[in-house]
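I opened the notebook today to look up two things, the aromatic ring pairs and the strand pairing, and I note below what I found for each.

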Amino acid sequence: RLPDEPAIFELKIPLEQAAYERYLVTVKTIEERSVSGPHEVKARGRVLTLRLASTRFTPDDYIVTVSGVNSAGKAEEIEDYTLRIIRSGR
């Protein structure tokens, strides 16, 4: 939910397995416009946690792309997730 006041929220992304030392996470609109990232993130267990500013978002649907960075430093796309941002109810 999108708060009325600017805030930081945490996006937690579960991984089937933590197979990479580093990950890149990018958030785009459905129309493929970049909103945030790519952010370099390390897994904690099998979860990636990304802190995002609410001011970058409007109520809409977004695509979150997760890529693993291999030992050669090349990003390998793992998965796309959908994220729906809605306005907070009062």
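Entry 1, aromatic rings. I worked from a predicted model, and with ring centres required to lie within 6.5 Å of each other, I arrived at a count of 3 aromatic pairs. I looked up Y20 and Y23 and noted that their ring centres are 5.7 Å apart with the planes at 80 degrees, so I entered the pair as edge-to-face. I then checked accessibility for both residues: Y20 is partly exposed at 24% relative accessibility, whereas Y23 is buried, with a relative accessible area of 0%.

I turned next to F57 and Y62, whose rings also form an edge-to-face pair, with 5.0 Å from centre to centre and 80 degrees between the planes. Here I recorded F57 as buried at a relative accessible area of 4%, and Y62 as buried at 2%. Following the ring pairs further, I found that they link F57 and Y62 with F9 into a cluster.

Entry 2, the sheet. I traced an open sheet of 4 strands, in the order β3-β2-β5-β6, with antiparallel pairing. Which strands stand at the edges? I noted β3 (34-41) and β6 (75-85), each of which has a single partner strand, so that one side of each is left without a neighbour in the sheet. For the twist from one strand to the next, I wrote down an average of 15 degrees.

Entry 3, one strand pair. I followed β5 (residues 60-69) against β6 and found the two antiparallel strands joined by 10 bridges; as one example to locate in the structure, I marked T65, whose bridge partner in β6 is D80.

How values were computed
Residues are numbered from 1 along each chain as its sequence is written. This is a predicted model: local features need pLDDT of at least 70, side-chain atom pairs count only at pLDDT 80 or more; totals for chains, interfaces and linings use all residues. Side-chain values use heavy atoms; hydrogens and water are left out. Rings of Phe, Tyr and Trp (its six-membered ring) pair if their centres lie within 6.5 Å; planes under 30 degrees apart count as stacked, over 60 as edge-to-face and the rest as tilted. Buried means under 20% relative accessible area, exposed over 50%, partly exposed in between (1.4 Å probe, protein chains only). Two strands pair if DSSP finds at least two bridges between them. Axes are lines fitted to C-alpha atoms, for helices over the stretch in contact, and angles run from 0 to 180 degrees between N-to-C directions.
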